[in-house]
Amino acid sequence: FSFSVTQTAIDQAKVEKLAKDFRMTGLKNQDILQFLRKVFREEGLGDVIKVVSLNNDAVGTLATQRYRDKNCDVGGIVGTGTNFCYVESTENIRTLTDQQKARYGKKTMVINIESGNFNKMPRNIYDRILDNDSTNRGEHIEEKAVSGLYLGELTRLALTDLINKGLLFKKKLTQKEKNKIAQKGSFHTPAMTKISGDDSASLKGVQAQLEKWGIKSGHISLDDKKVVKEICAIVARRAARITTAVIFAIVTHMDRNIQRYHTVGIDGSLFEKHPFFKKDMEEAMRELSMEAFGDNRCEKISFELTTDGSGVGAAVIAAMAASSAHS
């Protein structure tokens, strides 16, 4: 369940708010698992299917990679949305009472930090326009700068600004073309990925995406294509660097001087499919390490693609929860 909840037990969680432009009434402060159990009962499956846990997809990704790699202590999603979680020592969790810690009986617990909702980031004019036109203004600011749901629109806003200033396509566009470009959501993040991966001399891949966007072939110069490719790279690079800053903060919270090895399991289409996202993250991590420590300690931090992390992780967690219930 990829939204903010207050989780009081492994199988109890009340919804706080939705994100990613979802709008749904009647969920706030409701136990989301009760809805699922109700449907199973109505379908005659109440005695067949038992709901043993509710997991965030970031937590599922951490569980999946941890099952394979004991050094994995951070998990995250960088796809349509974004979020991270990590393994925390229970003695550092101030919201747990001594009684709860004693009942839980474990030294560590996974903390879902809902990093997509980090809202104190500096923003540029395009971030503000996108946020003002969203269904959750002022919320999920980090997610709106990082995730695949929004990067295409941020790119469209930047390109539209250059067009309006006469710096792109040199005022060749017809009104029909301008109207198409002005449509919210008309430029998609997968187009950015394809444009970024085009290394042909004539940038024919960029040409194809611009024509698909609605711009006539004769209105596109090689210089225009170079500018579009660079804007796509800048928007994605910033997203990668913000993501890395979140991870660096998590790792240095757990291990202040980065003395141990840390594997970060990451699932999500943006991390998986963008040709330079992981490379940009690794470069940013080196810079952060040099700035903080004066050396390249980031070699102890590895980013690992963890495909279907939420699905496999849910199975791992359910198996563990079921096993604990029967022991």
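Visitor: What makes strand S6 and strand S7 count as paired?

Guide: In this predicted model, five bridges join S6 to strand S7 (residues 301–305), and the two run parallel. Two strands pair if at least two bridges are found between them, so the five bridges between S6 and S7 satisfy the criterion. Within this pairing, Ile-266 has Leu-305 of S7 as its bridge partner.

Visitor: How do you know that S3 and S6 pair, and in which sense?

Guide: Strand S3 (residues 72–78) and S6 are joined over five bridges, in the parallel sense. Since at least two bridges are required, the pairing of S3 with S6 is established. Here Ile-266 of S6 stands opposite Gly-76.

Visitor: Why is strand S6 called mostly covered?

Guide: S6 comprises residues 262–267, and six of its six residues are buried. In a regular strand the side chains alternate between the two faces of the sheet. On one side of S6 are His-262, Val-264 and Ile-266, on the other Thr-263, Gly-265 and Asp-267; all of these are buried, and both faces are therefore covered.

Visitor: What makes the pair of Phe-248 and Phe-293 an aromatic pair, and is it stacked, tilted or edge-to-face?

Guide: The structure holds two aromatic pairs. One of them is formed by Phe-248 and Phe-293, with 6.3 Å from centre to centre and 55° between the planes. Ring centres must lie within 6.5 Å, and planes neither under 30 degrees nor over 60 degrees apart count as tilted; the values of 6.3 Å and 55° therefore make this a tilted pair. The pair links distant parts of the chain, for Phe-248 belongs to helix H10 (residues 222–254) and Phe-293 to helix H12 (residues 277–293), 45 residues apart. Phe-248 and Phe-293 are both buried.

Visitor: How do you know that the buried residues of helix H1 line one face?

Guide: The buried residues of H1 (residues 32–42) are Ile-32, Leu-33, Arg-37 and Phe-40. Viewed down the axis of H1, they fall within an arc of 135°, so they line one face of the helix. An α-helix has 3.6 residues a turn, so residues three or four places apart point the same way. On the other side of H1, Arg-41 and Glu-42 are exposed.

Visitor: What is found at the start of H1, and what follows the helix?

Guide: At the start of H1, the backbone nitrogen of Leu-33 has a side-chain oxygen of Asp-31 within 3.0 Å. After H1 comes Gly-44, with a positive phi near 75°.

Visitor: What makes the span of helix H2 agree with expectation?

Guide: At 1.5 Å a residue, the twelve residues of H2 (residues 57–68) should span 16 Å, and the end C-alpha atoms are 17 Å apart, which agrees.

Visitor: Why is H2 described as largely enclosed by the rest of the structure?

Guide: Nine of the twelve residues of H2 are buried, so the helix is largely enclosed. Among these buried residues are Val-59, Leu-62 and Gln-65. The N-terminal end of H2 is capped by Asn-56, with a side-chain oxygen 2.7 Å from the backbone nitrogen of Ala-58.

Visitor: Is Asn-55 buried or exposed, and how do you know?

Guide: Asn-55 lies in the loop between H1 and H2. Its relative accessible area is 16%, and since buried means under 20%, Asn-55 is buried. The side chains of Asn-55 and Ser-53 are joined by a polar contact of 3.3 Å.

Visitor: How is Gly-214 classed, and why?

Guide: Gly-214 is placed in the loop between helix H9 (204–213) and H10. Its relative accessible area is 33%. As buried means under 20% and exposed over 50%, Gly-214 is partly exposed.

Visitor: What is notable about phi in Phe-169, and is the residue buried or exposed?

Guide: Phe-169 has a positive phi of about 65° although it is not a glycine. Phe-169 lies in the loop between helix H6 (148–164) and helix H7 (175–181). With a relative accessibility of 0%, against a limit of under 20%, Phe-169 counts as buried.

Visitor: Where is Glu-114, and is it buried or exposed?

Guide: Glu-114 is in the loop between strand S5 (108–112) and helix H4 (125–132). Its relative accessible area of 17% is under 20%, so Glu-114 is buried. Phi of Glu-114 is positive, near 50°.

Conventions
Residues numbered from 1 in each chain as written. Predicted model: local features only at pLDDT ≥ 70, side-chain atom pairs only at ≥ 80, totals over all residues. Heavy atoms only, no water. Phe/Tyr/Trp six-rings, centres within 6.5 Å; stacked < 30°, edge-to-face > 60°. Helix = DSSP H or I, 4+ residues; strand = E, 2+ residues; numbered from the N terminus. Buried < 20%, exposed > 50% of the residue type's maximum accessible area, 1.4 Å probe, protein only. Arc of directions from axis to C-beta. Polar contact = N/O pair within 3.5 Å; in protein donor to acceptor, adjacent residues only side chain to side chain. Expected span 1.5 Å × (residues − 1).
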